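Visitor: I am new to this structure, and I would like to understand how its descriptions are justified. Could you take me through a few of them?

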Amino acid sequence: MAYQRTKYPPWSWSSSRKSTFRECRRKYYYNYYLAHNGWEKDAGELSKKAYRLKNLTGIHLLLGSAVHEVAEYTCKILAGGGKLPEEKLLIDKIRYLLNQAWKDSKALAKDPSPWMENPKQYLMLYEFYYGYGISESIIERIRKKMRDSTANLLISRSINEIASKGYEVVFAENMDTFELYGTPVYAIPDLVLKRPDGKWIVIDWKTGKEAVGHPAQINVYCMYLSKKKGVPPEEIKGRVEYLLTGNASDVEVSRDTFTEAETDIMKSIDEMKESLLDPDKNIPKEMSEYPLTEHRKLCRWCSFYELCEDEL
Ligand code: SF4
């Protein structure tokens, strides 16, 4: 569909939107409202800045994205009948992405830079943007995470299944949203497998720690299959693959867990809509109505720190 500029952003719900809303209302406002249209040449300076900062990433997040990329690459190779890639090849790919981002960020963290005009086209690490740098101990932690995640990926249950049991790989690229009482709900898992017995497995790779919200997130993805493809919940299995530890955690999927997930989404939608001036048109209130988080320890590592600095 052709791009059409809109004064206010389209309304939708996602698990990450819910997390941002709970974490910090001001961050939610910057991310989902102020940054809207910040890519337009004639946008206000504050919107442009919010949009730029929204596109910053951190070294740990970048590593997570790079591991997801090699996981997708590995699944595609196996799904196409190829051999399991060597660990070294995957590590080289991750290293290349991290080194590229490192070099670009160091070069672009100067004003003026092409990143300022086109933040989506470059990778900018907030460690360099804010001048914190990346210490040797962080580099060592990143190296360890990279090695552990790659090794665990290659021996993970999901990769084993694709490699040895003739499971059909359904990439989630074409998945997007399903509608829940008029709200588009984003549901894009990392991987979907179809077992030889016809059952579906919805999988998410995680490169961080285990968290209580992950099963609910998987259930949202499973609801997509149910609502858009008509797959009954009994035919769907959920799984989180924790690549740091190698633990594959099964997630319960049933009509009851769908009801729980739906109730949770509706509660979250109500909370978000209460924060709006006009919920039907998704018009936010004034910025001052979105308070800064009480947990100020998070702020130094927040991409939007520059916008809050004077108020902190
Ligand atoms: S810097 Fe702190 S208060 Fe400001 S948006 Fe980020 S987390 Fe919220």
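Guide: What follows is a short conversation about a predicted model.

Visitor: What makes strand β6 largely enclosed by the rest of the structure?

Guide: A residue is called buried if 20 or more other C-beta atoms lie within 10 Å of its own, and six of the seven residues of β6, which spans residues 236-242, are buried, so the strand is largely enclosed by the rest of the structure.

Visitor: How do you know that β6 pairs with strand β5, and in which sense do they run, parallel or antiparallel?

Guide: Pairing needs at least two bridges between the strands, and β5 (residues 200-206) is joined to β6 by seven, the two running parallel, so they count as paired. Within this pairing, Trp205 stands opposite Glu241 of β6, while β5, helix α10 (residues 214-229) and β6 together make a right-handed β-α-β unit.

Visitor: Which sense does the pairing of β6 with strand β7 take?

Guide: β6 and β7 (residues 247-251) pair in the antiparallel sense over five bridges, with Val240 having Ser249 in β7 as its bridge partner. Four residues lie between the strands of this hairpin, where Gly246 takes a positive phi near 85°.

Visitor: Why are two residues of the shell around the ligand counted as charged?

Guide: The shell includes Arg26 and Lys27, and because Lys and Arg count as charged, these two residues fall in that class, beside nine nonpolar residues and one polar residue. Helix α2 gives the most to this shell, with three residues.

Note on methods. Residues numbered from 1 in each chain as written. Predicted model: local features only at pLDDT ≥ 70, side-chain atom pairs only at ≥ 80, totals over all residues. Buried ≥ 20, exposed ≤ 12 C-beta atoms within 10 Å, placed from the backbone. Right-handed = clockwise from strand over helix to strand, strands pointing away. Near = placed C-beta within 6 Å.
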